[in-house]
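Visitor: Please take me through one part of this model in detail. I would like to look closely at the surroundings of the ligand.

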Amino acid sequence: MRIELTPGGLYVELESETETDLLGRSLANAVTPGTVIGLEGPLGAGKTRLVRAIAEALDVAPSAIASPTFVLIHEYDGRLPIYHFDAYRLKDPDSFDALGAADYFAGDGLCLVEWADRVLARLPEETWLVRLEVSGAAARRATLRGTGPWELIARELAGGRTPDSPSRASP
Ligand SMILES: Nc1ncnc2c1ncn2[C@@H]1O[C@H](COP(=O)(O)OP(=O)(O)OP(=O)(O)O)[C@@H](O)[C@H]1O
Ligand SMILES: [Mg+2]
């Protein structure tokens with residue numbers, strides 16, 4: 001796993017699904033009631049896979065976690081309530097409002113929104129944004145930006161070591 005913390009965000013090279021699970025666990029450890037995470041990236045990038053990693057780390061039964069197909073919101077019962085949205089099939093951002101998205105965001109659960117790019121203007125200002133891109137058969141490049149405890153997550157992923165930080169002057 002290569003980790004790079006920059007002023008623009010946190011970049012993580014996930015070399016396998018196991019590493020995606022580690023990222024999911026670090027995110028799960030950092031969320032609080034009301035956190036909204038927007039997931040961006042093309043079809044098959046691993047958005048649902050990362051949702052699964054986060055939800056399992058929050059003690060949701062693996063069998064409960066769906067890949068949202070026609071249902072636009074799934075709810076999982078974990079250490080905190082998890083609302084899993086998929087904006088892919090939304091006709092337009094107004095349909096997102098019609099789902100009552102704002103009420104979920106204002107609530108005490110964790111909201112995970114796939115295809116966040118389609119509803120960006122409807123997400124709270126303090127949304128954590130995670131973009132996934134395919135970089136190999138089992139490799140994914142994750143870019144974490146927006147508000148988020150990226151330094152904490154970088155440190156945890158690095159196992160307590162200081163991650164590469166080009167923003168910091170070398171000694
Ligand atoms: N390191 C990895 N992290 C995440 N997924 C991976 C990784 N390596 C391989 N994969 C595979 O990539 C696929 C990702 O599918 P997934 O459904 O999560 O994508 P998605 O971004 O949700 O797509 P969609 O836009 O269709 O919802 C899965 O089959 C998963 O097993
Ligand atoms: Mg998906």
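Guide: Here is a walk around ligand 1, followed by the strands that lead to one of the residues beside it.

Keep in mind that this model is predicted. Start with the place itself. Ligand 1 sits in the second largest pocket. Two helices, H1 (17-30) and H2 (47-57), are the elements that give two or more residues to the shell around ligand 1. H2 supplies the largest share, 3 residues.

Now look at the residues. There are 16 around ligand 1. Glu-17, Thr-20, Lys-47, Thr-48 and Arg-140 come nearest. Sorted by class, the shell has 6 nonpolar, 5 polar and 5 charged residues.

Next, zoom in on single atoms. Glu-17 places a polar side-chain atom 2.7 Å from an oxygen atom of ligand 1. Gly-44 uses its backbone instead: an N or O atom there lies 2.9 Å from an oxygen atom of the ligand. Gly-46 also has a backbone N or O atom 2.9 Å from a ligand oxygen atom. How much of ligand 1 does the protein bury? Taken alone, ligand 1 exposes 650 Å², and the protein buries 75% of that.

Finally, follow Arg-140 into the strands. Arg-140 lies in strand S8 (residues 140-146), and Val-134 stands opposite Arg-140. Strands S7 and S8 pair in the antiparallel sense over 7 bridges. They form a hairpin, with 5 residues between them. On to another partner of S7 (residues 128-134): strand S3 (residues 36-40) runs parallel to S7, and 4 bridges join the two. Gly-38 has Leu-129 in S7 as its bridge partner.

Key
Residues are numbered from 1 along each chain as its sequence is written. Chains are lettered from A and ligands numbered from 1 in the order in which they are written. This is a predicted model: local features need pLDDT of at least 70, side-chain atom pairs count only at pLDDT 80 or more; totals for chains, interfaces and linings use all residues. Side-chain values use heavy atoms; hydrogens and water are left out. A residue is near a molecule or strand if one of its heavy atoms lies within 4 Å of it. A polar contact is a pair of N or O atoms within 3.5 Å; within protein, one must be able to donate a hydrogen and the other to accept it, and residues adjacent in sequence count only if both atoms are side-chain atoms. Accessible areas come from the Shrake-Rupley method with a 1.4 Å probe; for residues, only the protein chains shown count as cover. On a 1 Å grid over the protein atoms alone, a cavity is a set of points where a 1.4 Å probe fits but cannot get out, and a pocket is an open set with protein on both sides within 12 Å along at least five of seven lines; lining residues have an atom within 4 Å of a point. A molecule sits in a cavity or pocket if more than half of its atoms lie within 2 Å of its grid points. Ala, Val, Leu, Ile, Met, Phe, Trp, Tyr, Cys and Pro count as nonpolar, Asp, Glu, Lys and Arg as charged, and the others, Gly among them, as polar. Two strands pair if DSSP finds at least two bridges between them.
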